[in-house]
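Q: Could you show me how to read a protein model step by step? I would like to learn the general ideas and then see each of them at work.

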Amino acid sequence: MDDSWKDWVHITKLDPDKVIDNDTVADIATSGTDALMLSGTLNVTQENMRELIMQVKEYDLPIVVEPAGPEGVVLDEVDALFVPSVLNTPDMRWMVGTHQKWVKHNHIDWTRVIPEAYIVLNPASSVGKVTAAICDISAADVAAYAEVADQYFSFPVVYIEYSGTYGDPKVVAAASKAVSDARLFYGGGINNAEKAAEMGQFADTIIVGNAVYDDGVSALRATVKAVQ
Ligand SMILES: CC(C)=CCC/C(C)=C/CC/C(C)=C/CC/C(C)=C/COP(=O)(O)OP(=O)(O)O
Ligand SMILES: O=P(O)(O)OC[C@@H](O)CO
Ligand SMILES: [Mg+2]
């Protein structure tokens with residue numbers, strides 16, 4: 001896709017493993033969020049991903065898929081694929097191994113792939129457990145990962161991921177200082193204007209996931225308003 005995604009300040013993350021009704025989808029689409037990212041670590045299948053795409057595609061909003069593995073890759077009716085690599089895992093599969101297998105067995109439309117350097121910081125999250133990420137690290141450690149991702153690997157996105165819990169703003173501030181070219185994404189536990197504004201000072205883009213399901217679209221709207 002073109003570079004317009006670099007202007008997104010707010011992304012709503014929808015999980016194909018969760019049920020959402022069409023009225024809620026309509027409210028999300030008009031909330032002011034810049035894009036919908038369809039993603040989850042557990043139980044994402046071609047079937048539930050395609051079902052969610054059918055629900056969201058009628059709105060005039062960018063839709064991107066963030067697969068947890070090659071089996072979750074769907075590109076029909078979608079603008080781009082944001083593909084994670086986890087930096088702070090000892091298991092090479094989540095950094096590059098799964099990607100190598102994916103590329104070996106598929107023809108990839110690279111014009112629609114945006115690589116993301118994930119730094120996973122909530123050990124209790126599904127992504128933390130699956131990737132065995134080493135989460136007990138300092139702000140300086142996170143900043144160094146972020147700099148390596150940005151300056152050495154040239155990842156276009158550095159993603160500070162606290163999925164399911166609100167993170168440490170000092171960590172996000174340190175990562176923000178360390179990154180010059182990449183866009184800094186922050187996701188985890190944002191469910192009101194205050195948290196959105198706090199992380200929005202440091203991150204270029206905030207991602208709101210669970211709040212849509214747990215706190216409703218009014219909470220989502222408050223997070224949008226805080227960063228736009
Ligand atoms: C090579 C391809 C196409 C994919 C590989 C992608 C990789 C390496 C993924 C590893 C990290 C991962 C599992 C990312 C999934 C995206 C993500 C962080 C979703 C949010 O997950 P959680 O919120 O923890 O999960 P649940 O909502 O399912 O509990
Ligand atoms: O679900 P929450 O905690 O909002 O996290 C958002 C996103 O970063 C998850 O990948
Ligand atoms: Mg989730």
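**Reading the ligand sites**

A: Let us start at ligand 2: a polar side-chain atom of Y159 lies 2.8 Å from one of its oxygen atoms. Before we go on, note that this is a predicted model, in which local features need pLDDT of at least 70, side-chain atom pairs count only at pLDDT 80 or more, and totals for chains, interfaces and linings use all residues. Residues are numbered from 1 along each chain as its sequence is written, chains are lettered from A and ligands numbered from 1 in the order in which they are written, and side-chain values use heavy atoms, with hydrogens and water left out.

Q: What is a polar contact, and which others does ligand 2 have?

A: A polar contact is a pair of N or O atoms within 3.5 Å; within protein, one must be able to donate a hydrogen and the other to accept it, and residues adjacent in sequence count only if both atoms are side-chain atoms. Among the contacts of ligand 2, an N or O atom in the side chain of K13 is 2.7 Å from an oxygen atom of the ligand. A polar backbone atom of G209 is 2.9 Å from an oxygen atom of ligand 2.

Q: How much of ligand 2 does the protein bury?

A: Accessible areas come from the Shrake-Rupley method with a 1.4 Å probe; for residues, only the protein chains shown count as cover. Ligand 2 taken alone exposes 300 Å², and the protein buries 93% of that. The elements giving two or more residues to its shell are β6 and β8 (205-208). Helices (H or I, at least four residues) and strands (E, at least two) are DSSP runs, numbered from the N terminus.

Q: How do the residues around ligand 2 divide by class?

A: Ala, Val, Leu, Ile, Met, Phe, Trp, Tyr, Cys and Pro count as nonpolar, Asp, Glu, Lys and Arg as charged, and the others, Gly among them, as polar. The shell around ligand 2 divides into 3 nonpolar, 7 polar and 2 charged residues.

Q: Which residues come nearest to ligand 1?

A: A residue is near a molecule if one of its heavy atoms lies within 4 Å of it; the same cut-off serves for a strand. Of the 25 residues around ligand 1, those that come nearest are T41, L42, S126, V127 and S163. A polar side-chain atom of S126 lies 2.5 Å from an oxygen atom of ligand 1, and a side-chain N or O atom of T41 is 2.7 Å from an oxygen atom of this ligand. On its own, ligand 1 has 750 Å² of accessible area, of which the protein covers 93%. β4 (80-86), α3 (97-105) and α4 are the elements that give two or more residues to its shell. By class, that shell has 12 nonpolar, 10 polar and 3 charged residues.

**Reading single residues and a helix**

Q: Is T131 buried or exposed?

A: Buried means under 20% relative accessible area, exposed over 50%, and partly exposed in between (1.4 Å probe, protein chains only). T131 has a relative accessible area of 4%, so T131 is buried. T131 is found in helix α4 (residues 126-131), and its side chain reaches the backbone oxygen of V127 at 2.8 Å. Contact means heavy atoms within 4.5 Å. Leaving aside neighbours within four places in sequence, T131 is in contact with V86, T89, P90, D91 and W94.

Q: Where is D17, and what does D17 touch?

A: D17 is found in the loop between β1 (10-14) and α1 (22-29). With 38% relative accessibility, D17 counts as partly exposed. Not counting residues up to four places away in sequence, D17 touches L42, N43 and N48. The side chains of D17 and N43 are joined by a polar contact of 3.3 Å.

Q: Which residues of helix α6 are buried, and why do they line one face?

A: In α6 (residues 169-178), the buried residues are V171, V172, A174, A175 and A178. Seen down the axis of α6, they fall within an arc of 160°, so they line one face of the helix. The arc is that of the directions from the helix axis to the C-beta atoms. K170 and K177 are exposed on the other side of α6. The cover over the buried residues of α6 includes α5 (139-152), β6 (157-161), β7 (183-187) and α7 (193-200). D168 caps the N-terminal end of α6, with a side-chain oxygen 2.8 Å from the backbone nitrogen of K170.
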